[in-house]
Amino acid sequence: MYGCPSPVRAGDAAGRVADVTTTDTASPVTGVTPSWWAPAATLRERLSAPYPPAAPAAGPAAGPRTRSAVEQACESVRSARLGADARLVAALAAEPPARLAGRLAKPQWAVFVEGAVTAAPETPEGVRAGAVTVPADAADGAAVFEPVLRPLVTAAVAELVEQAGTGGAEPGEVAVFAREYAHWLARRLAKAAARTLVVELAAARDAGDLSGATAADRFADFAARAGTRAGLARFFTGYPVLARLLARTCRHTARSGAELLTRLAADRRKLADALFGGRDPGPLTAVRLGLGDLHQQGRSVAVLRFADGSAVYKPRPVDQHALLDHMAGWLDAKVPGLGLRTPRWVAGDGYGWLEYIDHRTCRSLTEIDRFHRRQGALIALAYTLEGVDLHCENLLAHGDQPVLVDVETLLHPVLREGGTTRPDPAAGAHASSVHRTCLLPQLMLGELGAVDISALGGAPGGEFPNTRMIWEDAGTDRMRLVRRPAPFTGALNRPYSAATAPRSADRLAAVLAGFRTGYDAVVRHRDELSGPAAPLAAGADAVGRLVARPTVLYATLLEEATHPQVLRDGLDRDAMFAVLWAESDGDPARQALIEYEIADLWDGDVPVFFHRPGSPEVFASDGSPVDGVLDTSGLASARAKLATMSTVDRHAQEWIISATLASTEPGAAGPRHRVGRRARPAPAALSEPSALLAAATGIADEIAGRSVRGHGRVNWIGLEAVDDRWTVLPMGAGLAQGYTGVALFLAQFGALTGSARHTELARAALAPVPELVAAIAADPALSRAVGPGGFEGLGGVCYALARVATLVGDDLAACLPTALDALALAALGDDTPPDVSAGLAGALAALHAVHRERGLPQAAELADRIAERLLRLGPAGRPGDGLPERFGFAFGEAGIGWALTRHARFAGGPLGARAGAAGRARLTAALAAADRLDVGWCSGATGVVLAAADAGLCPQPADGPARDASRRLTEHPPVADLSLCHGELGIAEAVAALAGRGHAEARTSLTGRIGPVLGVLHDWGPRCGTPGHVPTPGLLTGLSGIGYQLLRLGFADTVPSVLLLDPAPGGG
């Protein structure tokens, strides 16, 4: 349906132009001109109509609205795909409405609007009679405009009643439905039109056109006049795109409402038998409309309440509920006592009905334990069935039963992902893991942070990550739109309140036990599932929804599409929707969907696509086939997964379950890491280099075992901190938490031990880096987004490249010049932070190491430029001011001062002298603030002491703040966390630095720390700096950092400090 339209010619004979031009005199009845509706035509409609206008001879003309750079680029791409160049698009934008109307057939939505306008009150008094009370919730403030749009609602209700009557619906039930529908539709139309009406309200107020003694009186005057026949005619003539949106919403929802009532009348006997135990539930008494998103021309889920019971109406097939019902029954038969509950259902032709299940809490800890065990088994079943998008709103807690009440994404296929580098095997493993189901904690990210929307999470509290529209001073002439955070109220997916929640350890144990039981049952009986007549094959025709993009993206586009600037001309709205091309850059699968998405968005719907699990075919919301989206079917993916399920895979999925649940623990989120509790006592082991190497060997082997291989590269799934929240992700390229940090440890281990296996693993981990840095260097905006930091940015990537190239092969350094080009772009942005972790100081220190390792003049030149930038920045403040973290190493003064003192040694001359003086001043301030800091490396005293020792500011014997900070570290008891970032081995690095500068207390402390570390490793394993000490491969908080520091403690002459971004001893 939405392939390219027939080619168009940009120009016609003058006589033909005259033939298609209409007269444009306003109608005395409606008050609108015959062509008022024409500017609402879409780009596709204008291109497909005959007799296109001639392109302007002077080149492209300005469009109706100024476009952003992204809109211009995306509009150009889309127009070219539709067969129109920029000059033709400009001609279409300049075409007079009368001429355009002559090329197009008058649409039915325009006829509907004219009928509603004709029926509108002639005088303001007829509008005032229906005034609405200002809602208590400011988010609902748009409702004050309902009287203005009441003629549209009245016309829509009339259409619904007529169509439902023709379909055989019972008149009494039609009346009940129509009453609820009128209220719901009025709110929806007012919300869509409010932004534009507020603009008109402000214009009338500023022009002095409003009457009334108070702000509320003047608003009432505006609304009363706007809702008259003349007022609506002016309004819709000025905003024909809005008129189109409102009219199509009315007509589509009226048709879908009548469709529901017709289906209810036809299916009542089936509903009584299947959902109500054979009894008739009685007459319809109430309806809840618009539950969930609108799809397929205004259709949405509804709950129907009868005199004796309720039912849920689904306007899409319920085939997947039948599949879940079948599979849950199969698993119940294999796991005695499991008893998973699924809703009863009735299938219609393209729609269905579900049993209404209410929310119930558990009455005891025993019931809560059963709930979580069943939830674990449900995770195993959803994993087997390739289920996705099973978030908190799709699961209902009914006592000790977790019930999936909205199932349409089982046997979901995997879409190809676009990208700047070769495919990531870890991303593929993550995309097919238990995490994909959304039953486990999963973050929705936004401008304000993140919130867990999963079926196991979804707890109320906090705020949505995006703002919502709020109407301040609604019902007055000062009414205006503002954006405010919205509270996150959660869903009904939890069977307990926060006060009665189980202990985290108990919840994890129950979920894991249920998962193992379900997973092992599937593996034991997999032959029953995989055959041609098996339960999986029965799902081949179970129509499912294809989730191509996050719904929040569509919701954002629909909300912005109500801005008045895009409601005057359809080409403006088209240009805004064309930004989907930016979201699909380098992604052919999603590019194939764009025209269908835009068509749905024009209808005010959230775009939706469907598939049959037994086929790779994809269908748009109107049933049109969409080519080029899927490589394989969902059923084929499920069968392939079933064949590979094993004990090894189960352990991998259990790690993801443990990691995601740990990420939601109280205290897991926060802006900075903190040193945790003391280590549990463990017998000290002999702290010889051989013992340290043996411990590092175990860690290197564990990391190798966790690797995911494919497409000529290796990567890992890790537990990472993102926007102060922990989440499970395929590892990115960063040094701190990414695969370059892992590669550095493996390369150092391989070089030290001669292990070719670990060396090759390091090389394979860095395989995508040349493509990655080339793509970043070619895109200045992307470079700035990545940032220059030494641990969380391109500085760290350059450091790892230089070090690994020295360790395992010079060929890896071939892309370093390109990486340095990208680093230069990132470092010279206007708002680049100054710190070590993500900013300039980290880039500066990394460049010193790169120059020492590889001797590149480019690195030295860039280091001088960055040092000059840092010298122009003032200090964060005095030691007693502000947040103590400002004086730490990774994010504050100590790190910046350290980088400058290093540059003093690196550069020499006047620049070096200035850098040295500034650096020492910052370090002195940081030392003075050290007593207020935590003990960790990243934000605490460990980092300050390490920086000061490297800069020569902690002499032996020391006095003052340097002595106090040093003593604090040497006397600090061992901690349970072994990580570099804020754990025991980070502290050990600073103590070792002091020992290397002659501190006798530090030497004694270091000797006393290494043995217990080895003891903890032996008894408890490598406890990472993550929530729950869950093992993760990364450097600063994970296994790689622990392993690397063990090598450094045992072989300090060979292994340089990674926390100081040191080059190899003696250079490269």
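Let's walk through this structure, from its nonpolar cores to a sheet and then to one threonine. The model is predicted, so local features need pLDDT of at least 70 and side-chain atom pairs count only at pLDDT 80 or more, while totals for chains, interfaces and linings use all residues. Residues are numbered from 1 along each chain as its sequence is written, and side-chain values use heavy atoms, leaving out hydrogens and water.

In soluble globular proteins, nonpolar side chains tend to be buried together. A nonpolar core here is a set of buried Ala, Val, Leu, Ile, Met, Phe, Trp, Tyr and Cys residues joined through side-chain atoms within 4.5 Å, where buried means under 20% relative accessible area (1.4 Å probe, protein chains only). The largest core has 131 residues, and W716, F745, L746, W937 and L1046 touch the most other members. A second, separate core holds 115 residues, including W109 and W602.

Now look at the open sheet, whose five strands (DSSP E runs of at least two residues, numbered from the N terminus) come in the order β1-β2-β3-β5-β4 with antiparallel pairing. Two strands pair if DSSP finds at least two bridges between them. β1 (284-295) and β4 (345-347) each have a single partner strand, so one side of each has no neighbour in the sheet. Between β2 and β3 there are five bridges.

Finally, find T1032 in the loop between α40 (1000-1020) and α41 (1039-1050); helices are DSSP H or I runs of at least four residues. T1032 counts as buried because its relative accessibility is 2%. Its contacts (heavy atoms within 4.5 Å) beyond four places in sequence include W655, G718 and L719.

Key. Buried means under 20% relative accessible area, exposed over 50%, partly exposed in between (1.4 Å probe, protein chains only).
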